[in-house]
Amino acid sequence: FGIHALLIVTLTMSPAIAAAQIDNGATREDVYPPLWDLAPENLLDFLVKDKKIVINAWNYQERLGMYKNLLNSSAKYFTAFGSQNFGNILWGLPLQHGWQFRTGRLADPSSVTSCGYEDGDLLCISVRSWWSCMNYYLAVIPFLGAVEAGLFGQLQYEIEILPPEERRADFCYSVADCRSRIPKLMDKWKAYFEVNNFLYFFFIFSGTPVTFSSFKLDDALCLMWRAHVASIAYALPKFQDSLKYLSDPEADFGEDWANAVDFIAATHFSTDLQTTNQFQTFLPQRMLIEGDVLPSISDFSPEQNRVLLSLRALHKANQFTGGLLLKLWQKAMSTEAGRKMGRKLIEDLASS
């Protein structure tokens, strides 16, 4: 394979997502995750008890609050990349979480409890949800990694995450707990926040303006995506048994999506606010059910059907080659020129 040929082959099977620009008429509800304005924006907005900040990560609004604190505290690194913190590459995490909430993917899929349902506790995040358990490792772990890295400064209180009612051994609940259980994963998220902090203060104290060239976005994206895929790789086998609660089409989609993230990550794809919103437009607006057959799901748009079919094809192709397709793609993306070409082809495909 030549690099260009490989890019074409892989992208032919990857998501054909149309870019829907955020126009000036878009409402806050269109742009931000649901209930964003109501989420805690300061660490002291969470419950403070026995000299600890106590966070219920099984409540949508509180988990969203962890993201909001991450976005607010890291805003200073991204001032050169747009106003209102829109250029912050952490936006991909809360926007994905918001999509999961909006589409019912955080509710109890076994329907044994009313967790996550309108006639029960709508803000409840179910520990039986595959999506919510996977997301824990893309919410709590980045948050605690940031705490350890000093993103929030010197805290006067320790932070404690409340455990779920089931599967308590599958999660960790404080910096020390997570550090002892998953040190390598904590290292990756801590590295992302530490390097940004170092670069920021280096350029502040040296008197050099923080610009596109001095704060290298590609380096930040590399570390962020490295931590992101490590979180998924760690959580995927741990919560394999949770897929049993989902319909076969939804379980397939979940695994297809997790597989696609590896390909997207290799391009150092930017997960700022606008770009993430553009590329989430054609993700399914509800959970898939038995009887949903691609590419002919009647209440999905042609683009949504095509996205799901492409994700399925990419996953099958990668499985068929024993992961070789991903390795070849990563090799092609190992240079800045290759990654630029990869992102350009995704954008061209998306806007076609």
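Start by selecting Lys 51, which sits in the loop between S1 and S2. Helices and strands here are DSSP runs numbered from the N terminus, with at least four residues of type H or I for a helix and at least two of type E for a strand. You're looking at a predicted model, where local features need pLDDT of at least 70, side-chain atom pairs count only at pLDDT 80 or more, and totals for chains, interfaces and linings use all residues. Residues are numbered from 1 along each chain as its sequence is written, and side-chain values use heavy atoms, with hydrogens and water left out.

**Stop 1: the turn**

Stay on Lys 51. Is it buried or exposed? Lys 51 counts as exposed because its relative accessible area is 69%; the cut-offs are under 20% for buried, over 50% for exposed, and partly exposed in between, using a 1.4 Å probe and protein chains only. Now check its backbone: Lys 51 is not a glycine, yet it has a positive phi of about 60 degrees. Most residues other than glycine have a negative phi. Add Asp 50 to your selection, and you'll find a positive phi near 50 degrees there too, in a hairpin with two residues between its strands, S1 and S2.

**Stop 2: the sheet**

Select 47-49 for S1 and 158-161 for S3, the edge strands, each of which pairs on one side only. Then select residues 52-55 for S2. Together they make an open sheet of three strands in the order S1-S2-S3, with mixed pairing. Two strands pair if DSSP finds at least two bridges between them. In general, strands of a sheet pair through backbone hydrogen bonds, either parallel or antiparallel.

Which sense does each pair take? S1 and S2 are antiparallel, over three bridges, while S2 and S3 are parallel, over four bridges.

Here are some residues to click across the sheet:

- Leu 47, opposite Val 54 in S2
- Val 48, opposite Ile 53 in S2
- Ile 53, opposite Ile 159 in S3
- Ile 55, opposite Ile 161 in S3

Now show the side chains of S3. Ile 159 and Ile 161 point to one face and are buried, but Glu 158 and Glu 160 point to the other face and are not.

Next, select residues 140-149. This is helix H6, which lies across S2 and S3 and runs at about 170 degrees to S3. Angles like that run from 0 to 180 degrees between N-to-C directions, with axes fitted to C-alpha atoms, for helices over the stretch in contact.

**Stop 3: past the sheet**

Move on to Arg 167, in the loop between S3 and helix H7 (175-181). Phi is positive here as well, near 55 degrees, and Arg 167 is not a glycine. With a relative accessible area of 23%, Arg 167 is partly exposed.

**Stop 4: a pocket**

Select Cys 115, Cys 124, Ile 125, Val 127 and Glu 165. Of the 17 residues lining the second largest pocket, these lie nearest its centre. Its volume is about 310 Å³. What classes of residue make up the lining? There are eight nonpolar, four polar and five charged residues.

**Stop 5: a buried leucine**

Go to Leu 95 in helix H4 (residues 92-102). Leu 95 counts as buried because its relative accessibility is 4%. Now show what it touches: leaving out residues up to four places away in sequence, that's Val 31, Tyr 32, Pro 33, Leu 273, Thr 276, Asn 277 and Gln 280. A contact means heavy atoms within 4.5 Å. Try the distance tool on Asn 277: it is 182 residues from Leu 95 along the chain, but their C-alpha atoms are separated by 7.4 Å.

**Stop 6: a cis bond**

Select Leu 294 and Pro 295. The peptide bond from Leu 294 to Pro 295 is cis, with omega near 0 degrees. Most peptide bonds are trans. Pro 295 is in the loop between H11 and H12, and so is Ser 296, with H11 covering 273-280 and H12 covering 302-320. Ser 296 is exposed, at a relative accessible area of 59%. Its C-alpha atom is separated by 9.3 Å from that of Arg 306, ten residues apart along the chain.

**Last stop: the whole chain**

Zoom out. The protein chain has 14 helices and three strands. Of its 352 residues, 53% are buried.

Terms used. On a 1 Å grid over the protein atoms alone, a cavity is a set of points where a 1.4 Å probe fits but cannot get out, and a pocket is an open set with protein on both sides within 12 Å along at least five of seven lines; lining residues have an atom within 4 Å of a point. Grid points are joined across faces, edges and corners, and a volume is the space filled by probe spheres set on the points. Ala, Val, Leu, Ile, Met, Phe, Trp, Tyr, Cys and Pro count as nonpolar, Asp, Glu, Lys and Arg as charged, and the others, Gly among them, as polar.
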